[in-house]
Amino acid sequence: PHFKNLEFLFPETTRNFAQLPLQYKGFCGYSIAVHDRLLIPGNPLIGALRYKDHFFCFTSKDAAVKFAADPDRFIAHIADAAKRSPELIQLLELHMQFSTITPYGEERGARPHDRETAHQERLRNTNRGAPHRVQHRP
């Protein structure tokens, strides 16, 4: 089959093939998407798929061909899986894909210092008027 914007690379015909930065840390993208986040190491000896300057490896040629038929759909499915299991973001090194996500608490434009100051102010207001107890030790 003919695939647009895709290129299959093979160890015997690609210079420095072993140094290619494999997506998903070398786990099979097809397996992650189709088998509910199942992490199976890809086999780079069967080749790698280059798509949008990213390199993917797979457990089989069949998995590579199925992924290549609609890579954007599989990539989006893996991103959705990582949203459900955030540990995958670090494990599969998806940081760049999620770089636009705002950390909790910063969505309202508050800087960390402002949040800390607001927290201290709430504590002061909570303690105002409360009796202070001094514990005496025998």
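**Loops, pocket and salt bridges**

Mentor: Lys52 is found in the loop between strand 2 and strand 3. The model under discussion is predicted, and this residue offers a suitable starting point.

Trainee: Is Lys52 buried or exposed?

Mentor: The class follows from the relative accessible area, and a residue counts as exposed when the value is over 50%. For Lys52 that area is 54%. Because this value lies above the cut-off, Lys52 is classed as exposed.

Trainee: Lys52 has a positive phi although it is not a glycine. Which residue in the loop between helix 4 and helix 5 is there to be considered beside it?

Mentor: Most residues other than glycine have a negative phi. Lys52 departs from this with a phi near 50°. A positive phi of about 55° is also found in a residue that is not a glycine, in this case Glu93. The residue in the loop between helix 4 (87-91) and helix 5 (112-127) is therefore Glu93.

Trainee: What is the overall order of helices and strands along the sequence?

Mentor: The protein contains 5 helices and 3 strands. Read along the sequence, they follow the pattern β-α-β-β-α-α-α-α.

Trainee: What volume does the largest pocket have, and which residues line it?

Mentor: Rolling a probe the size of a water molecule over the atoms shows where empty space is left. For the largest pocket, the volume comes to about 190 Å³. Its lining consists of Gln23, Tyr24, Lys52, His54, Phe56, Asp72, Ile75, Glu93, Leu94, Met96 and Gln97.

Trainee: Which elements each supply at least two residues of that lining?

Mentor: The lining of the largest pocket includes His54 and Phe56, as well as Asp72 and Ile75. In character, the lining divides into 5 nonpolar, 3 polar and 3 charged residues. The elements that each supply at least two of its residues are strand 3 (54-56) and helix 3 (71-84).

Trainee: Gln23 is among the lining residues. Which residues does Gln23 touch beyond those up to four places away in sequence?

Mentor: Gln23 lies in the loop between strand 1 and helix 1. Its C-alpha is 9.9 Å from that of Arg50, although the two are 27 residues apart in sequence. Leaving out residues up to four places away, the ones that Gln23 touches are His54, Phe55 and Phe56.

Trainee: Arg50 also takes part in a salt bridge. Which residue is its partner at 3.5 Å?

Mentor: Side chains of opposite charge can pair when their charged atoms come close. For Arg50, the N to O distance of 3.5 Å is that to Glu7. The pair links distant parts of the chain, with Glu7 in strand 1 (residues 6-9) and Arg50 in strand 2 (residues 48-51), 43 residues apart. The partner of Arg50 in this salt bridge is thus, within the 4 Å limit, Glu7.

Trainee: Which residues form the network of salt bridges that includes this pair?

Mentor: The structure holds 9 salt bridges. Glu7 is partly exposed at 36% relative accessible area, and Arg50 is partly exposed at 33%. The residues linked in the network are Glu7, Arg50 and Asp53.

Trainee: Where in the chain does Arg84, the salt-bridge partner of Asp36, lie?

Mentor: The closest N and O atoms of Asp36 and Arg84 are 4.0 Å apart. This pair links distant parts of the chain, 48 residues apart. Asp36 is in the loop between helix 1 (29-34) and strand 2, whereas Arg84 lies in helix 3.

Trainee: Asp36 is also touched by Ser31. What is the relative accessibility of Ser31?

Mentor: Ser31 lies in helix 1. Besides Asp36, Ser31 touches Leu38, Ile40 and Thr59, not counting residues up to four places away in sequence. Buried means under 20%, and Ser31 counts as buried because its relative accessibility is 3%.

Trainee: Why are the buried residues of helix 2 placed on the same side, and which residues are exposed on the other?

Mentor: In helix 2 (residues 61-69), the buried residues are Ala63, Ala64, Phe67 and Ala68. They are on the same side of helix 2 because they cover an arc of only 130° around the axis. What covers them includes strand 1, helix 1, strand 2, strand 3 and helix 3. Exposed on the other side of helix 2 are Lys61 and Ala69.

Methods: Residues numbered from 1 in each chain as written. Predicted model: local features only at pLDDT ≥ 70, side-chain atom pairs only at ≥ 80, totals over all residues. Heavy atoms only, no water. 1 Å grid on protein atoms, 1.4 Å probe; cavity = no way out; pocket = protein on both sides within 12 Å on 5 of 7 lines; lining within 4 Å. Points joined across faces, edges and corners; volume = space filled by probe spheres on them. Helix = DSSP H or I, 4+ residues; strand = E, 2+ residues; numbered from the N terminus. Nonpolar A, V, L, I, M, F, W, Y, C, P; charged D, E, K, R; others polar. Salt bridge = Lys/Arg side-chain N within 4 Å of Asp/Glu carboxyl O. Buried < 20%, exposed > 50% of the residue type's maximum accessible area, 1.4 Å probe, protein only. Arc of directions from axis to C-beta. Contact = heavy atoms within 4.5 Å.
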